[in-house]
Amino acid sequence: MWKKSELREAPAPLEGPVVGTITGGTVLWFVLFLAQLPFYGWYDDHGHTWWIWTCLAGGGLGLLGIWYVRKRDAAIKRDAAARRATVDDPA
């Protein structure tokens with residue numbers, strides 16, 4: 001059993017190249033979708049067409065993700081600029 005004295009504060013979240021990561025994943029989903037299209041007949045014969053549509057859904061959701069992380073990144077930069085402006089000019 002954990003003792004309260006043994007608990008530690010959670011570390012700060014890591015910030016990385018989020019826009020690039022989401023964009024790369026989205027491109028990968030679309031490439032997988034396009035790579036599977038020539039084999040649609042085989043997938044249909046074996047009952048695996050959901051693989052193709054999963055890749056298309058992943059690409060579509062990735063587009064939403066790109067939109068979201070770009071807006072988030074812009075908001076973080078605006079907030080940082082506003083904080084710097086208030087620190088530089090406290091009047």
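A crossing of two helices is called left-handed if the near helix is turned anticlockwise from the far one by less than a right angle. Keep that in mind as we walk through this predicted model, since the crossing of helices α1 and α3 is left-handed in exactly this sense.

Let's start with the chain as a whole. It has three helices and zero strands, and reading along the sequence gives the pattern α-α-α. The overall dimensions are worth a look: the C-alpha trace spans about 70 × 45 × 15 Å along its principal axes. The radius of gyration is 22 Å, whereas a compact globule of 91 residues would have a value near 12 Å. As for burial, 14% of the 91 residues count as buried.

Now turn to the helix pair. Helix α1 covers residues 18–36 and helix α3 covers residues 49–88; the two pack at an angle of about 160°, and their axes lie 8 Å apart. Angles over 145 degrees count as roughly antiparallel, and α1 and α3 are therefore roughly antiparallel to each other. What kinds of residues make up the contact of α1 with α3? They divide into 15 nonpolar, nine polar and two charged.

A few individual residues help to place these helices in space. In helix α1 you will find Thr26, which is buried because its relative accessible area of 3% falls under the 20% cut-off. Thr26 and His46 are 20 residues apart in sequence, and their C-alpha atoms are 27 Å apart in space. Ala35 also belongs to helix α1. With a relative accessibility of 44%, Ala35 counts as partly exposed. If you look from Ala35 towards Glu9, 26 residues away along the chain, the C-alpha atoms are separated by 46 Å.

Moving over to helix α3, we meet Leu61. Is Leu61 buried or exposed? At 58% relative accessibility it counts as exposed, because the cut-off for that class is over 50%. The C-alpha atoms of Leu61 and Trp29 are separated by 9.7 Å, although the two residues are 32 positions apart along the chain.

Our last stop is the aromatic residues. A pair of aromatic rings is described by the distance of the centres and the angle of the planes. Rings pair if their centres lie within 6.5 Å, and planes over 60 degrees apart count as edge-to-face. By this rule the count comes to five aromatic pairs. In one of them, the rings of Trp42 and Tyr43 have centres 5.3 Å apart and planes at 80°, so this pair is edge-to-face. Another edge-to-face pair joins Tyr43 and Trp51, with 5.6 Å from centre to centre and 65° between the planes.

How do these three residues stand with respect to burial? Tyr43, which takes part in both of the pairs just described, is buried, with a relative accessible area of 10%. Trp42 counts as partly exposed at 44% relative accessibility, and Trp51 is partly exposed too, at 32%. Together with Trp50, the residues Trp42, Tyr43 and Trp51 form one aromatic cluster.

How values were computed:
Residues numbered from 1 in each chain as written. Predicted model: local features only at pLDDT ≥ 70, side-chain atom pairs only at ≥ 80, totals over all residues. Heavy atoms only, no water. Axes fitted to C-alpha atoms, helices over the stretch in contact; angles between N-to-C directions. Helix = DSSP H or I, 4+ residues; strand = E, 2+ residues; numbered from the N terminus. Parallel < 35°, antiparallel > 145°, perpendicular 65-115°, else oblique. Nonpolar A, V, L, I, M, F, W, Y, C, P; charged D, E, K, R; others polar. Phe/Tyr/Trp six-rings, centres within 6.5 Å; stacked < 30°, edge-to-face > 60°. Buried < 20%, exposed > 50% of the residue type's maximum accessible area, 1.4 Å probe, protein only. Rg over C-alpha atoms; globule rule 2.2 N^0.38 Å.
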